[in-house]
Amino acid sequence: MRVLGVDPGLTRCGVGVVEGVAGRPLTMLGVGVVRTPADAELGQRLVGIEQGIERWLDEYRPEYVAVERVFSQHNVSTVMGTAQASAVAMLCAARRGIPVALHTPSEVKAAVTGSGRADKAQISAMVTRLLRLDAPPKPADAADALALAICHIWRGPAQNRLQRAVALHAATAQTTPKGRTA
């Protein structure tokens with residue numbers, strides 16, 4: 001499985017591609033950051049993120065895109081920018097028919113470090129170890145993107161099976177005549 005992890009942000013959008021399957025050693029194929037100038041107009045920044053994500057999709061051809069689920073923070077403008085960058089990544093993947101998975105920060109931390117409360121240094125250290133890298137990826141946004149990809153490789157197959165089962169159940173419930181159980 002090849003996954004593009006995206007740690008969304010307007011100024012620095014972390015991206016990382018990991019390949020592998022659960023239970024086997026993973027391989028980092030690429031890591032980086034899509035940057036936009038903080039003083040640029042919002043629309044131009046979103047176009048810059050789109051162009052950067054498209055380049056990563058063209059170069060690495062992932063089977064899945066894993067994006068950090070935006071959660072409520074105290075700073076509304078930060079949440080808005082993160083949500084906008086996240087939407088751009090999801091749009092780029094959807095346009096190509098690539099499935100998108102959203103993972104919460106605590107889910108990613110727990111998958112990679114064993115603790116949903118791990119700090120940035122712990123995440124970076126575990127990503128470095130799991131991918132057998134010589135040095136931690138910099139900046140932290142890049143390490144977070146790799147952690148998202150790792151999380152999806154390890155947890156995505158189970159989530160995909162669960163989603164298919166729920167969809168099948170819903171479809172069966174709609175086609176079963178009233179008064180009869182499926």
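1. Two strands are said to pair if DSSP finds at least two bridges between them. This definition is needed for strand 4 and strand 5, where Glu 68 has His 103 of strand 5 standing opposite. The two strands run parallel and are joined by four bridges. The model under discussion is a predicted one.

2. The protein as a whole may be described before its parts. The protein contains five helices and five strands. Read from the N terminus, the order of these elements is β-β-β-α-β-α-β-α-α-α. The chain has 182 residues, and 41% of them count as buried. A residue is called buried when its relative accessible area is under 20%. The accessible surface of the protein amounts to about 10000 Å², with 54% of that area belonging to carbon and sulfur atoms. If one takes the contacts between residues at least 6 apart in sequence, 62% of them join residues that are at least 24 apart.

3. The strands should be considered next. In what order do the five strands lie in the sheet? The order is 3-2-1-4-5, in an open sheet with mixed pairing. Strand 3 (27–35) and strand 5 (100–103) have a single partner strand each and stand at the edges, so one side of each lacks a neighbour in the sheet. From one strand to the next, the twist averages 20 degrees. As a general matter, strands of a sheet pair through backbone hydrogen bonds, in either a parallel or an antiparallel sense.

4. The antiparallel part of the sheet involves strand 1, strand 2 and strand 3. A hairpin of four residues connects strand 1 to strand 2, and six bridges join these two antiparallel strands. Within this pair, Val 3 is opposite Val 18 of strand 2. Strand 2 also pairs with strand 3 in the antiparallel sense, here over eight bridges. Glu 19 has Thr 27 of strand 3 as its bridge partner. Strand 2 is mostly covered, with six of its eight residues buried.

5. On the other side of strand 1 in the strand order comes strand 4. Strand 1 (residues 2–7) and strand 4 (residues 64–68) run parallel and are joined by four bridges. Val 3 stands opposite Tyr 64 in strand 4. Strand 4 is mostly covered as well, since four of its five residues are buried.

6. Two helices should be read together with the sheet. Helix 1 (residues 42–60) packs on the sheet and touches strand 1, strand 2 (12–19), strand 3 and strand 4. The direction of helix 1 makes about 165 degrees with that of strand 3. Helix 2 (residues 76–95) lies across strand 1, strand 4 and strand 5, and its direction is at about 170 degrees to strand 4.

7. Helix 1 deserves a separate comment. Helix 1 has 19 residues and spans 27 Å from its first C-alpha to its last, close to the 27 Å expected at 1.5 Å a residue. Which partners do the buried residues of helix 1 pack against? They pack against strand 1, strand 2, strand 3, strand 4 and helix 2. Among these buried residues are Ile 49, Ile 53, Trp 56 and Leu 57, and the charged-letter names Arg 45 and Glu 54 also appear in the list.

8. Helix 3 (residues 105–113) has Pro 105, Glu 107, Val 108, Ala 111 and Val 112 as buried residues. Where do they lie around the axis of helix 3? They cover an arc of only 160 degrees, which puts them on the same side of helix 3. Just after helix 3, Gly 114 takes a positive phi of about 95 degrees.

9. The last point concerns a single residue, Gly 20, which is found in the loop between strand 2 and strand 3. Is Gly 20 buried or exposed? Its relative accessible area is 13%, and the cut-off for a buried residue is under 20%, so Gly 20 is buried. With neighbours within four places in sequence left aside, Gly 20 is in contact with Met 1, Leu 26 and Ile 153. Gly 20 and Trp 154 are 134 residues apart in sequence, and their C-alpha atoms are 9.2 Å apart in space.

How values were computed. Residues are numbered from 1 along each chain as its sequence is written. This is a predicted model: local features need pLDDT of at least 70, side-chain atom pairs count only at pLDDT 80 or more; totals for chains, interfaces and linings use all residues. Side-chain values use heavy atoms; hydrogens and water are left out. Axes are lines fitted to C-alpha atoms, for helices over the stretch in contact, and angles run from 0 to 180 degrees between N-to-C directions. Contact means heavy atoms within 4.5 Å. Buried means under 20% relative accessible area, exposed over 50%, partly exposed in between (1.4 Å probe, protein chains only). Accessible areas come from the Shrake-Rupley method with a 1.4 Å probe; for residues, only the protein chains shown count as cover. The arc is that of the directions from the helix axis to the C-beta atoms. The expected span of a helix is 1.5 Å times one less than its number of residues.
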